[in-house]
Amino acid sequence: MAKRPVGRADDSTWEITTEPIPEPGDGEFVVRVEYISLDPAMRGWIGEVPTYVEPVEIGAVMRAHAVGRVHASRHPEYEVGQTVSGMFGVCEYAVSDGRHDVLHVDESLAPAPAWLGALGFPGLTAYFGLLDVGKMKPGDTVLISGAAGAVGSIAGQIAKLSGCRVIGVAGGPEKCAWLTEELGYDVAIDYKAGSIGKALRAAAPKGIDVYFDNVGGEVLESALGHLRRGARIALCGGISSYNATDPQPGPSRYMQLLMKRASLTGFIVFDFARRYPEAYAALGHWIRRGDVVTHEQVETGGIEAYGRTMNMLFDGANTGKLVLQVGDGLASAAPAAAQAASS
Ligand SMILES: NC(=O)c1ccc[n+]([C@@H]2O[C@H](COP(=O)([O-])OP(=O)(O)OC[C@H]3O[C@@H](n4cnc5c(N)ncnc54)[C@H](OP(=O)(O)O)[C@@H]3O)[C@@H](O)[C@H]2O)c1
């Protein structure tokens with residue numbers, strides 16, 4: 001990162017530098033990064049104010065979750081050729097000591113990019129956000145914003161599997177059609193097409209029990225006006241204001257929380273780290289059975305395309321999980337290649 005942005009990040013935010021490929025020290029390995037995860041939170045990480053993590057320092061490699069292949073190793077648990085995920089950053093080669101959420105990737109379960117989506121933080125976020133924070137139960141009416149994105153597309157499918165009526169909010173008719181035709185959402189509301197409140201009243205005349213909020217802003221405002229008594233709002237994100245340069249107004253229907261004896265709880269997926277194995281087991285089971293469909297939009301162009309690709313999130317130009325390919329791609333031959341390399 002070259003410079004902290006004001007508003008949207010642009011070309012001046014980033015600088016591409018070239019350095020020798022690192023050598024692993026004792027207990028370390030080097031990863032050839034193949035896919036980089038694009039996350040709305042990245043906008044927060046490059047701001048001046050600490051969020052739930054420290055800001056990325058000017059001059060440092062941009063923080064990013066990524067999947068790659070072990071290129072060189074002096075670590076007993078990581079062999080050359082194995083596929084791994086971790087916080088490797090926006091770079092082509094990274095050094096790791098295997099700590100801090102580094103995982104062996106099982107490409108027989110799902111292709112490498114899915115380990116940044118349904119089997120990465122978005123899937124974990126959807127799982128804990130709905131089941132723990134939102135306390136979702138069968139029969140609930142569940143509203144999900146950012147419904148066609150990485151977190152929302154998994155959240156909607158988990159809610160359906162849990163026996164809920166599921167309403168998604170997304171931008172544009174194509175995304176809305178995808179929600180109902182492919183992901184099993186009962187209703188999709190195009191928030192760019194007209195009044196969200198009116199559409200919500202028609203979709204959930206008795207109100208909503210759970211709102212999984214990815215966007216804040218006017219969708220949150222409408223959701224607050226349609227809560228059922230005892231409703232739970234899981235505050236996952238507020239992308240509508242991530243690039244804002246002025247302070248944003250709070251929701252004017254705040255007192256609805258009191259009237260409806262409702263709760264609004266913010267959460268960060270990292271808080272559930274000890275229970276990741278439980279979520280991986282459930283998500284893996286659903287994916288294996290075909291109950292959860294994963295969808296990744298893989299952009300190309302290498303790390304030079306990082307800035308442009310990150311901004312696609314704020315333009316709604318992604319469906320499902322947005323990923324940037326920076327290497328040759330690990331495609332379907334990866335497990336055999338990994339085996340050959342390690343034997
Ligand atoms: N709490 C946690 O631990 C945690 C973890 C992961 C992610 N998150 C949060 O979860 C949310 C979704 O993340 P994601 O990775 O799944 O991203 P994503 O939904 O795949 O991508 C972002 C989407 O946000 C929508 N969007 C952009 N600007 C908007 C606006 N002004 N108003 C309404 N919608 C807008 C766009 O969809 P449309 O075309 O539908 O507008 C875009 O495709 C983000 O807020 C993120 O910060 C939180």
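Start by selecting Ala244, which sits in the loop between strand S10 (227–235) and helix H7 (256–259). The model on screen is predicted. Ala244 is partly exposed, with a relative accessible area of 34%. Add Asp26 to the selection: the two residues are 218 places apart along the chain, and their C-alpha atoms are separated by 44 Å.

**The sheet**

Now show the strands S8, S7, S6, S9, S10 and S11. These six strands form an open sheet in the order S8-S7-S6-S9-S10-S11, with parallel pairing. Which strands stand at the edges? They are S8 and S11 (263–266); each has a single partner strand, so one side of each is left without a neighbour in the sheet. On average, neighbouring strands of this sheet are turned by 15° against each other, direction ignored.

Select S7, residues 165–170. Strand S7 is mostly covered, with five of its six residues buried. On one side, S7 pairs with S6 (residues 141–145) in the parallel sense over five bridges. To find the register, label Val142 and Val166: Val142 stands opposite Val166 of S7. Then trace the chain from S6 to S7. The path goes through helix H3 (residues 150–161), and this β-α-β crossover is right-handed.

Next, add S8, residues 187–190. S7 and S8 pair in the parallel sense over four bridges. Here the residues to label are Ala170 and Asp190, since Asp190 in S8 is the bridge partner of Ala170. The connection from S7 to S8 runs through helix H4 (residues 173–181), again as a β-α-β crossover, and this one is right-handed.

Move along the sheet to S9 (residues 208–213) and S10. The two strands run parallel and are joined by five bridges. Label Asp213 and Leu235 for this pair: Leu235 in S10 is the bridge partner of Asp213.

**Helices on the sheet**

Keep the strands displayed and turn on H4. Helix H4 lies across S7 and S8, and its direction is at about 170° to S8. Then turn on H5, residues 196–203. Helix H5 lies across S6, S7 and S8, also running at about 170° to S8.

**A cysteine in H4**

Select Cys176, which lies in helix H4. Is Cys176 buried or exposed? With a relative accessible area of 8%, Cys176 is buried, because the cut-off for that class is under 20%. Show what surrounds the residue: setting aside neighbours within four places in sequence, Cys176 is in contact with Ala170, Ala188, Ile189 and Asp190. Two of the labels are already on screen, as Ala170 and Asp190 are the bridge partners from S7 and S8. For a distance check, pick Tyr191: Cys176 and Tyr191 are 15 residues apart in sequence and 9.8 Å apart in space, C-alpha to C-alpha.

**Two helix pairs**

Show H2 (residues 121–133) together with H3. Their axes come within 8 Å and cross at roughly 45°. That angle makes H2 oblique to H3. The crossing is right-handed. To see the contact, select Pro122, Gly123, Thr125, Ala126, Tyr127 and Leu130 on the H2 side, and Ala150, Val151, Ile154, Ala155, Ile158 and Ala159 on the H3 side.

Hide that pair and show H5 with H6 (residues 217–224). H5 and H6 pack at an angle of about 45°, and their axes are 9 Å apart. The result is that H5 is oblique to H6. H5 passes H6 in a right-handed crossing. Which residues of H5 meet H6? Select Ile196, Gly197 and Leu200; on the H6 side they meet Glu218, Val219, Ser222 and Ala223.

**Last stop: the segment before S1**

Finally, go to Thr13, in the segment before strand S1 (29–37). Thr13 has 1% relative accessibility and counts as buried. Which residues does Thr13 touch, not counting residues up to four places away in sequence? Display Met1, Ala2, Lys3, Pro5 and Ile46 to see these contacts.

Note on methods: Residues are numbered from 1 along each chain as its sequence is written. This is a predicted model: local features need pLDDT of at least 70, side-chain atom pairs count only at pLDDT 80 or more; totals for chains, interfaces and linings use all residues. Side-chain values use heavy atoms; hydrogens and water are left out. Buried means under 20% relative accessible area, exposed over 50%, partly exposed in between (1.4 Å probe, protein chains only). Two strands pair if DSSP finds at least two bridges between them. A crossover is right-handed if, with the strands pointing away from the viewer, the path from the first strand over the helix to the second runs clockwise. Axes are lines fitted to C-alpha atoms, for helices over the stretch in contact, and angles run from 0 to 180 degrees between N-to-C directions. Angles under 35 degrees count as roughly parallel, over 145 as roughly antiparallel, 65 to 115 as roughly perpendicular and the rest as oblique. A crossing is left-handed if the near helix is turned anticlockwise from the far one by less than a right angle, and right-handed if clockwise. Contact means heavy atoms within 4.5 Å.
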